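Grab a pencil and work through these short exercises. Each one comes with a step-by-step solution.

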Amino acid sequence: MLNESAVLEALPQAASEAEKRVRDRGATEKAILRAAKALLSEEGFQNFGINAVARRAGCDKQLIYRYYGGLNGLVEAIGSDLGTWVRDRIPEDTGGMFLLTYGDLMERLALLFLEALRDDPLMRRIVAWEVSENTEQVRRLAESRSKALSQWLERMKGSLAPPKGVDAAAVNAILIAAIQHLVLSASAGGQCAGLALKTAKDWEKAATALKRIVRGVYG
């Protein structure tokens, strides 16, 4: 029979090892997700595969299958992470700004989205893929991003409503599309339709124009 005291002594060690495995798994999952996002950002879907992600993450590829179920599961995880991206980059905290009208809300969303997209190469890639690659993986990422933005707007608007007669869904779609095109054009050539987009002053001019468009529609 096992000595009772030996069993009791082994329990804390077993618990410690179990906690370590949980911590190690969490760290490995994060490393895999970071590697996958970095690979997508730099090389796109063309070189996006289990082996490439495993090499970038410095782990056995079997761990990707174990933790994410394979490549599709990893893409799903990246899509879920886009919801976190929206919360982090477009915070619901108004930063001391009073949102008294729907125009206040859309001005804040437009400026924060502009800044966030400029700062994130992976998100710029996803936006570009939306209009150039009609694949299941791209659709999943695009839908996740669109859903996260819509949910942000629903949570933030509360009782705020656009002016009567304004098709807010159509206007907002065009506004988001305009921001995306500005950022992608700037990334490719430093300008958009003759508007220079290289310096901080250039982007201030673009932001001012966005605000005037929003206010022209929503007041």
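Buried means under 20% relative accessible area, exposed means over 50%, and partly exposed lies in between (1.4 Å probe, protein chains only). The model is predicted, so to speak of local features we need pLDDT of at least 70, and side-chain atom pairs count only at pLDDT 80 or more, while totals for chains, interfaces and linings use all residues. Residues are numbered from 1 along each chain as its sequence is written, and side-chain values use heavy atoms, leaving out hydrogens and water.

**Exercise 1.** Decide whether Cys192 is buried or exposed, then do the cysteine at 59.

*Solution.* Step one: Cys192 has 10% relative accessibility, so it counts as buried. Step two: Cys59 comes out at 18%, so it is buried as well.

**Exercise 2.** Count the disulfides in the whole structure.

*Solution.* Step one: recall that a disulfide is a covalent bond between the sulfur atoms of two cysteines. Step two: look for cysteine sulfur pairs within 2.5 Å. Step three: the search finds zero disulfides.

**Exercise 3.** Work out what stands out about the phi of Ala193.

*Solution.* Step one: most residues other than glycine have a negative phi. Step two: Ala193 isn't a glycine, yet its phi is positive, about 50°. Step three: place Ala193 in the loop between β1 (191-192) and β2 (195-196); strands here are DSSP runs of E, at least two residues, numbered from the N terminus. Step four: with 83% relative accessibility, Ala193 is exposed.

Conventions: Helix = DSSP H or I, 4+ residues; strand = E, 2+ residues; numbered from the N terminus.
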